[in-house]
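Here's a quick briefing to keep beside the structure while you look around. We'll start at the ligand, then take in the whole chain and finish with a helix.

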Amino acid sequence: MATVKFEGWATAHRHPSGVYGGLACSPKEATGFSCDRSQNRCSNPQAVLRVTEIFFSIQGESSYAGLPCAFVRLTGCNLRCVWCDTAYAFEGGDEMSIDDVARRVATFGVKLVEVTGGEPLLQDDCVPLMERLLRDGYRVLLETSGSRSLARVPTDVVKIVDVKCPGSGMLEQNRADVLSQLAPHDEVKFVIADERDYRFAVERARTIAPRNAVLFSPVHGGLNPAMLAEWMLRDQAPARLQVQLHKYLWGADARGV
Ligand code: SF4
């Protein structure tokens, strides 16, 4: 099986026929896959993703918190939030085809799956992965940093989008157009390190809710959740307080949970 890396594509694509035709991986008759370079789309189930881990756990965040959920953590991130707890996903990982990922997710026997990172949308093949999981009947959640366009993300995917607060050090990375790309079922998350972050978050939350659910999450080990709760009650903040449930269950440093 040959491997080819197209100029301008983020990841390598493999085609079992080995027919590449010079311009792209079409024609469909030759490869059996409807790949469209202009749209950055490839239906090849053997498209390659770089994956840090796939695991089964209790969903720790969002309105889906508490539910058994499969997680696919893709490798790589374009940001460096100062409180990041997944720096191990910045590099490394293993190459897996979409088929490989779907097969592994199916072994967990639940129909809720989250695609996360790192920043999963850095990999072009994240989109065909989510399309495949939707076709397989999953409720698909996507955790994304708010620094990447959501234009290519299928509407049925539940997008959980960060707005970076000043304390993250990544304030300038918030994309202005992302909040206008949300569907009603999507959620917006603020990770809050201190009172300055809280003031930033509550001001923006008033422009987002109730159109979209807003989540306020204290930095684990950095801001006391009870303090954040008091601020939210004082101001009648239009947001849901969430703690990272998995960290209370299994500890702050546990991986694959
Ligand atoms: S966007 Fe997420 S993975 Fe990337 S640095 Fe920030 S917290 Fe870490």
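Around the ligand you'll find Cys77, Leu79, Arg80, Cys81, Cys84, Thr86, Gly117, Gly118, Glu119 and Ser145. Keep in mind that this is a predicted model.

**Ligand shell**
- By character, the shell around the ligand splits into four nonpolar, four polar and two charged residues.
- Cys77, Cys81 and Cys84 are among the residues around the ligand, and so are Gly117 and Gly118.

**The chain as a whole**
- The protein chain has six helices and eleven strands.
- Of its 257 residues, 38% are buried.
- Take the contacts between residues at least 6 apart in sequence: 68% of them join residues at least 24 apart.

**Helix H4 up close**
- Helix H4 covers residues 195-208, which is 14 residues, and at 1.5 Å a residue it should span 20 Å. The C-alpha atoms at its ends are 20 Å apart, so the expected span and the model agree.
- Which residues of H4 are buried? They are Asp197, Tyr198, Ala201, Val202, Ala205 and Ile208.
- Looking down the axis of H4, these buried residues fall within an arc of 125°, so they line one face of the helix.
- That pattern has a simple background: an α-helix has 3.6 residues a turn, so residues three or four places apart point the same way.
- Arg196, Glu203 and Thr207 are exposed, on the face of H4 turned away from its buried side.
- The packing partners of the buried H4 residues are strand S9 (187-192), strand S10 (213-218) and helix H5 (225-235).

Key
Residues numbered from 1 in each chain as written. Predicted model: local features only at pLDDT ≥ 70, side-chain atom pairs only at ≥ 80, totals over all residues. Near = placed C-beta within 6 Å. Nonpolar A, V, L, I, M, F, W, Y, C, P; charged D, E, K, R; others polar. Helix = DSSP H or I, 4+ residues; strand = E, 2+ residues; numbered from the N terminus. Buried ≥ 20, exposed ≤ 12 C-beta atoms within 10 Å, placed from the backbone. Contact = placed C-beta atoms within 7 Å. Expected span 1.5 Å × (residues − 1). Arc of directions from axis to C-beta.
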